[in-house]
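Thanks for sending this one over. Here are my notes, in numbered points, for you to read alongside the model.

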Amino acid sequence: QLRNSEARLRTLIDTMPDAVCLKDGENRLIEANTVFLRLFGLAEDSYRGKTCRELSGAASFEGSPLAALERSDPATWEQGTRLHDELVIRQADGGERIFELAKVALLAPNGARQALVTVGHEITRRKQAEAELQRHRDHLEETVAARTADLLLAKEAAEAASRAKTTFLANMSHELRTPMNAIIGLTHLLIQRAREPAERDKLGKIGHAADHLLGLLNNILDLSKIES
């Protein structure tokens with residue numbers, strides 16, 4: 001019954017899409033599924049009873065994927081509960097595979113270490129999608145910032161043009177009012193000196209037209225003051 005139970009458990013673990021391993025209280029591997037063995041390049045008959053350091057070799061252990069896998073083991077043992085972590089495994093072609101790790105420490109009632117279960121679920125595609133989404137967000141923010149800067153420049157240019165127009169209107173109205181006042185004044189004098197009704201009529205029309213034109217200039221000046 002025990003052999004049958006172990007066989008069923010082994011079959012169940014091997015059919016899981018995640019990488020699964022089980023260590024004893026001394027951090028020696030005692031069980032691992034096919035996904036785990038393939039991921040770390042381990043042979044079926046050579047890993048049991050060995051630590052990750054022994055499997056990797058002391059010289060290259062710090063930079064090996066097994067070293068990264070083992071890095072959070074002490075924290076899991078200390079907490080004595082579930083611990084979540086991420087593992088990045090660099091491939092020979094320069095790519096990366098990212099795994100979400102769940103570790104559970106099994107302790108005896110007296111606190112002694114019994115076993116450490118590690119399950120690694122690959123999240124490479126999710127991370128790539130998140131990174132791509134972040135790139136799109138960054139690009140959108142850059143586009144919005146550039147567009148905002150363009151709009152600010154256009155707004156400043158429009159305001160500068162409006163100020164130039166207002167200044168031009170104010171200067172023009174001032175410059176034209178002086179000769180118009182002279183025309184109105186001289187016309188008034190000529191009307192007083194004119195003897196012929198026809199001349200007085202013509203001079204009156206000139207004076208009326210000049211008064212109308214001066215009113216338009218005053219309106220332009222008032223408009224420029226309002227815009228200012």
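Where in helix 6 does a kink lie, and of about how many degrees?

1. The kink in helix 6 lies at Arg 177 and comes to about 25°. Shortly after Arg 177 there is a proline, Pro 179. Please keep in mind that this is a predicted model.

2. Now for helix 6 as a whole. It runs over residues 124–193 and has 70 residues. From its first C-alpha to its last, helix 6 reaches 102 Å, which is close to the 104 Å expected at 1.5 Å a residue.

3. Which residues of helix 6 are buried? They are Thr 124, Thr 166, Leu 169, Ala 170, Ser 173, Met 180, Ile 184 and Thr 187. Each of these counts as buried because its relative accessible area is under 20%.

4. Next, a salt bridge that lies within helix 6. Glu 130 pairs with Arg 126, and the closest N and O atoms are 3.6 Å apart, inside the 4 Å cut-off for a salt bridge. The two residues are 4 apart in the helix, so about one helical turn separates Glu 130 from Arg 126. Both ends are partly exposed: Glu 130 has a relative accessible area of 39%, and Arg 126 has 40%.

5. What does Lys 127 form a salt bridge with? Its partner is Glu 86, with 3.0 Å between the closest N and O atoms. This pair links distant parts of the chain, since Lys 127 sits in helix 6 while Glu 86 belongs to strand 3 (residues 82–90), 41 residues apart. Lys 127 is partly exposed at a relative accessible area of 23%, and Glu 86 is partly exposed at 39%.

6. The pair of Glu 96 and Arg 90 deserves a look too. They form a salt bridge whose closest N and O atoms are 2.1 Å apart. Is each partner buried, partly exposed or exposed? Glu 96 counts as partly exposed, with 35% relative accessibility, whereas Arg 90 is exposed, with a relative accessible area of 62%. Arg 90 falls in the exposed class because its value is over 50%.

7. Finally, the wider set of charged contacts. The count for the model comes to 12 salt bridges. Besides the pairs discussed above, Lys 23, Asp 73 and Lys 103 are linked in a network of salt bridges.

Definitions and conventions
Residues numbered from 1 in each chain as written. Predicted model: local features only at pLDDT ≥ 70, side-chain atom pairs only at ≥ 80, totals over all residues. Heavy atoms only, no water. Salt bridge = Lys/Arg side-chain N within 4 Å of Asp/Glu carboxyl O. Buried < 20%, exposed > 50% of the residue type's maximum accessible area, 1.4 Å probe, protein only. Expected span 1.5 Å × (residues − 1). Bend = angle between axes of the 7 residues up to and from the residue.
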